[in-house]
Amino acid sequence: MKKKRKAFVIIGGSKPHVPFILAAKKLNFYVILFDGSNNCLGKNYCDLFINISTYNTDRILTQCIKISERVQIDGVLTYSSATEAHLSAATIRKEFDLPGNQVNTVRLLTNKLIQKRILHNAKIRVPLSISTKALSKAIQFSEEQRFPLVIKPTSDSQGSLGVLLMKNQNELK
């Protein structure tokens, strides 16, 4: 039986991913790249480009399983701030028993509510907060607090994307 070539899966092909693609190639990996854009820069450097959104975990996993009939998938990574790309990478790690952050770890690391609950349970002080989609509850909470207040999304780990500093009650509305 012929030994399969070692392959490395990279989820995302934007400019920040290119050094990882080149490093994997330098280590003689067959580089498989998934990205939703046919115009991504990484497409020019990988061995196999598959045009699937980094958010589409099921399709990426299905393709990796098919490809693994020809190559041995030995690693996977993403250099993305999007939770979904990390979930895709973690799902592949689970399927192929690869090291790295697993699905439950990615969910923990990208969900601020879960993080706060764990820190609170460990007796680590965290800022007072609520989780709501109802503007009325946000207004009620703000009336019980002192301004300024920070409003931020609870998940999707996009750095400061969506974070707002509210200096007074009127800005909340």
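Helix axes here are lines fitted to C-alpha atoms over the stretch in contact, with angles running from 0 to 180 degrees between N-to-C directions. With that in hand, and bearing in mind that this is a predicted model, the helix pairs make a handy place to start. Two packed helices are described by the angle between their axes and the distance between the axes.

Take helix 3 (residues 83-96) and helix 4 (residues 103-110): their axes come within 8 Å and cross at roughly 160 degrees. Angles over 145 degrees count as roughly antiparallel, and helix 3 and helix 4 are therefore roughly antiparallel to each other. Their crossing is right-handed. On the helix 3 side, the contact is made by Thr83, His86, Leu87, Ala90 and Thr91, while helix 4 brings Val103, Val106, Arg107 and Thr110. Sorted by character, the residues of this contact of helix 3 with helix 4 come out as four nonpolar, four polar and one charged.

Helix 4 also meets helix 5, with quite another geometry to describe. The axes of helix 4 and helix 5 come within 5 Å and cross at roughly 85 degrees. That angle sits in the range from 65 to 115 degrees that counts as roughly perpendicular, so helix 4 is roughly perpendicular to helix 5. Here Arg107, Leu108, Leu109 and Thr110 of helix 4 meet Lys112, Ile114, Gln115 and Ile118 of helix 5. The contact of helix 4 with helix 5 splits into four nonpolar, two polar and two charged residues. Arg107 and Thr110 turn up in the contact with helix 3 and again in the contact with helix 5.

Next come the faces of individual helices. In helix 1 (18-26), the buried residues are Val18, Ile21 and Ala24. Looking down the axis of helix 1, these buried residues fall within an arc of 130 degrees, so they line one face of the helix. Pro19 and Lys26 are exposed on the other side of helix 1. As for what lies over the buried residues of helix 1, the cover includes strand 1 and strand 2.

Helix 6 (135-143) can be read in a similar way. Its buried residues are Ala138, Ile139, Phe141 and Ser142. Viewed down the axis of helix 6, they fall within an arc of 160 degrees, so they too line one face of the helix. The other side of helix 6 has Ser136, Lys137 and Glu143 exposed. Thr132, in the loop between helix 5 (112-121) and helix 6, reaches residues from both of these groups: setting aside neighbours within four places in sequence, Thr132 is in contact with Lys137 and Ala138. Of those partners, Lys137 is exposed, whereas Ala138 is buried. Thr132 itself counts as partly exposed, at 31% relative accessibility.

The backbone has a few quirks to flag. Most residues other than glycine have a negative phi, and most peptide bonds are trans. Asn28 goes against the first of those habits, with a positive phi of about 70 degrees although it is not a glycine. This happens just after helix 1, in the loop that leads on to strand 2 (30-35). With 56% relative accessibility, Asn28 counts as exposed. Lys123 is another such case, its phi being near 65 degrees, a positive value in a residue other than glycine. Lys123 belongs to the loop between helix 5 and helix 6, and at 75% relative accessibility Lys123 counts as exposed. As for peptide bonds, the one from Phe147 to Pro148 is cis, with omega near 5 degrees. Pro148 lies in the loop between helix 6 and strand 5 (149-151).

Finally, a look at the segment before strand 1 (5-11), where Lys4 is found. Lys4 has a relative accessibility of 30% and so counts as partly exposed. Neighbours within four places in sequence aside, Lys4 is in contact with Ser68, Glu69, Arg70, Val71 and Gln72. Lys26, on the exposed side of helix 1, gives a reference point for placing Lys4: the two are 22 residues apart in sequence and 18 Å apart in space, C-alpha to C-alpha.

Terms used: Residues numbered from 1 in each chain as written. Predicted model: local features only at pLDDT ≥ 70, side-chain atom pairs only at ≥ 80, totals over all residues. Heavy atoms only, no water. Helix = DSSP H or I, 4+ residues; strand = E, 2+ residues; numbered from the N terminus. Buried < 20%, exposed > 50% of the residue type's maximum accessible area, 1.4 Å probe, protein only. Contact = heavy atoms within 4.5 Å. Arc of directions from axis to C-beta. Parallel < 35°, antiparallel > 145°, perpendicular 65-115°, else oblique. Left-handed = near helix turned anticlockwise from the far one by under 90°. Nonpolar A, V, L, I, M, F, W, Y, C, P; charged D, E, K, R; others polar.
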